[in-house]
Structure formats: structure tokens, C-alpha cells
Amino acid sequence: MTDTLQSQFASHFGGEGTLYAAPGRINLIGEHTDYNGGFVLPAAIDKRIYAIVRPNHTLRVNMLAADLQKQCSFNIDDPNGPTETDFRYVFGTVRELIAAGVPVEGFDAAYCGDIPLGAGLSSSAALECCFANALNDMFGNATLDRMALARVGQAAEHHYVGVKCGIMDQFASMFGKANMFMRLDCRSGEYSYHPWRTDDYRLVLINSCVKHELVGSPYNDRRASCERVAALAGIESLRDCTWDMLHSLKDRISPEDFRRARYVIGEADRVMTVCQALEHDDFATIGKQMYLTHDGLRDDYEVSCPEIDFLVDEARTSGVTGSRIMGGGFGGCTINLVHKDILERFVACVQESYLKRFGVACQPINVAIGDGARKL
Ligand code: GLA
């Protein structure tokens, strides 16, 4: 893939540039907790965005999205930039790097990737992190640290794409390590690595192929519900909301906001349970919590869809240890914790039944846990 990219860069811009990569992510548990100041448990995956970048000594940025065969150019000092969302992730990253003090100048870049788009695997965070890391290297003497680069990516989404995302995806893309889940405290920024040690279980994603699209989606509405409840409780975020506090507010908030907050508080407990279970390689407990998270995301947070619910139900009846919708929601993938002895049968069955039920194929995706953003 990178050889093809090098030759596309050469035929488009002439010569060579430097190759960078940044991964997508999975998340074991801790969904919609990041923007509530809570904990998440993601890992970077072995599917990535690759970019070849070279300064061009002008104030112009020229980009080629090689997979999509699309091009775009903008001036570094143009406050508006391109209108197409794909390119706005990079444009926003450039602008936020400059705001953070990195003197970015013009460059030529070609990029491609193998992260399925719209599958909830954070291809957009990977794109931001790939460019944030490359441009910080090239123009900023690598002065910004990895957490600052993750925040640049997040700010790009907030200010230039309009998704008020948390920090989980960019964090995972910057900090990933092979075979490690990471527990991040999204309020303090403290994190720790937790090895994924098992020969018996596999993590398999099933892409519903319902396009997950957070731009202009009810994602921001979910966040607003959480912020309303926190404000009324007089706390900074739902991280500090207890069950008692929530019940005492019940008559003053809408039933919908109540359900959203109930999900978030429950999820905080589940993340802690899973972190402990991970220390003891207790996969039965991890799986049980995953199913509970799905129930909460479906019924209380209302970010699932019939196709995803079907995939989780199929997992349940096939004896899969744990399964749930993963990421922002509204489509995308389920993450499944599957014992190796039933893996083949489960994947074959779910493919057949999904096709029968919806008339479209779902897509199983094997992922390995890989390293974070880097120069290759
Ligand atoms: C998206 C956002 C993340 C996080 C998840 C839900 O992936 O980008 O910040 O909120 O949804 O856990």
C-alpha cells in the first residue's frame, strides 16, 4: 500500500516525501464517557492512515486523497479552507497546530488508508493524528508532546468539522502500543497500559455497513443532555454524578436527559469492573459488561440501530462472550469477544443471517492491537 502511495506522490508532485502513519482504534468499554470526564479503555489497531508529506516552501497546501482520487489545495492563512469534510480534518489540524504555536508552512501530501470509513473505527482521528504528528515534526521540531497533538486533533473536529467529540479517539491513535489496552482518565489525562493476554479469546468486529456519520448527527445532542444534567447538579461533569444525585434531579430534568445520564453513570461503574477483570484475565466478566453496555446504549443513550441490535442479538444467541455497538454509534461496528472454538461458526452464521434479514452483507474485520502514530 505504501509503495503505491509513494508512486502516486511521485507522479502527482514529483520526487519523494516522508512517510507517516496513524492508526484507528477499538474501545473495549467506556463509551460516551470521555466527554463526561470519565474513563475509557481503547486500543490502537493495525489499520491506519498513511501520509507522505513534504514541505514545498510556499504558503500553499496541496493534498491528494489517493484512495478517493480527490485533490484539494488551500492557503495556510485562509481562515475558511476547503468545504469537503474529508479535507477539513487536515485543514482543521493545520489551523489548530498554528494556534498551538507550530509554524506550519505549505506542504504537498498524498494519503491513503485501510481503516474502513464510517465504521466507527475513527479514521478521522487517524487522519488528524497522522498529519498533526508529521507537521509537528517537520515544522515544529517535535515540540508538542503526544497529548498536545491529540488535543489538536480533537480541537480540529470541534472547530472545523462541528463534532464535539471527546479525546478518546485521538488519544488512542497517538498513544497506542501493540497488544495493550489503555485506561485513560479523560479528566486528568493520566493513563496506564494493560496487556491483552489471551490465547483463547479473539476480538472480532462486525461492520453493519450502516454508515456511521457523526457530523451533523445526534452525537452533539447526547453531549448537550449530559452537560445540562451536570449543570443542574452543580458539578463540572457527570463523572461526579452519583446515583443519589441523579434521582434527586429526576423531577427537574426531561425523561430523556434522565436516561442519558443513567447510562453514563452506569457505564462509569462498568469500566471499573472491566479494568479489574482485565487484571485477572476474567473474560466472562468483561463480556457480561459489554452486553450491559450495549443494552444501555440501545435503550437509554439511544445510539444503536436495528442492524446493530440484530448483530448483538445474534452474538448473544451464538454463545459469544461479549458484544456491543462500538464508538459514537448510529451504525458502524459491533465489537465481539469470542472464544476461539466458536469463532468460525459465529462469523459464518452471523454473515448468513444478516444477509437474509437485511439483504446486505455485513463485514467481519479481524484487528490486532497495534502501535500509535509514528514516522515510518
Ligand atoms: C466518538 C467520539 C469519541 C467518543 C466516542 C463514544 O468516537 O469521537 O470521543 O465520545 O464516540 O465513546
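In this predicted model, Arg25 reaches the ligand through its side chain: one of its polar atoms sits 3.1 Å from a ligand oxygen atom. Two other residues make their approach through the backbone instead. For His32, a backbone N or O atom lies 2.7 Å from an oxygen atom of the ligand, and for Gly166 the corresponding distance, again from a backbone N or O atom to a ligand oxygen, is 2.9 Å. With the protein in place, not much of the ligand is left uncovered: on its own it exposes 310 Å², and the protein buries 97% of that.

Stepping back to the whole shell, 13 residues surround the ligand, and those that come nearest are Glu31, His32, Asp34, Asp169 and Tyr219. By class, the shell is a mixed crowd, with five nonpolar, four polar and four charged residues.

Next come the pockets. The second largest one has a volume of about 200 Å³. Its lining includes Ile26, Asn179, Trp196 and Thr198, along with the run from Tyr201 through Arg202 and Leu203 to Val204. Asn366, Val367, Ala368 and Ile369 also belong to that lining. Strand 9, which covers residues 201-207, gives the most to it, with four residues. Sorted by class, the lining of this pocket has eight nonpolar residues, three polar ones and one charged one.

Aromatic rings also pair up here, and the structure holds 17 such pairs. Take Phe9 and Phe13: their ring centres are 5.0 Å apart and their planes meet at 50 degrees, so this pair counts as tilted. Planes would have to be under 30 degrees apart to count as stacked, or over 60 to count as edge-to-face. Both residues belong to helix 1 (residues 2-13), and because they are four residues apart in that helix, about one helical turn separates them.

Note on methods
Residues are numbered from 1 along each chain as its sequence is written. This is a predicted model: local features need pLDDT of at least 70, side-chain atom pairs count only at pLDDT 80 or more; totals for chains, interfaces and linings use all residues. Side-chain values use heavy atoms; hydrogens and water are left out. A residue is near a molecule or strand if one of its heavy atoms lies within 4 Å of it. A polar contact is a pair of N or O atoms within 3.5 Å; within protein, one must be able to donate a hydrogen and the other to accept it, and residues adjacent in sequence count only if both atoms are side-chain atoms. Accessible areas come from the Shrake-Rupley method with a 1.4 Å probe; for residues, only the protein chains shown count as cover. Ala, Val, Leu, Ile, Met, Phe, Trp, Tyr, Cys and Pro count as nonpolar, Asp, Glu, Lys and Arg as charged, and the others, Gly among them, as polar. On a 1 Å grid over the protein atoms alone, a cavity is a set of points where a 1.4 Å probe fits but cannot get out, and a pocket is an open set with protein on both sides within 12 Å along at least five of seven lines; lining residues have an atom within 4 Å of a point. Grid points are joined across faces, edges and corners, and a volume is the space filled by probe spheres set on the points. Helices (H or I, at least four residues) and strands (E, at least two) are DSSP runs, numbered from the N terminus. Rings of Phe, Tyr and Trp (its six-membered ring) pair if their centres lie within 6.5 Å; planes under 30 degrees apart count as stacked, over 60 as edge-to-face and the rest as tilted.
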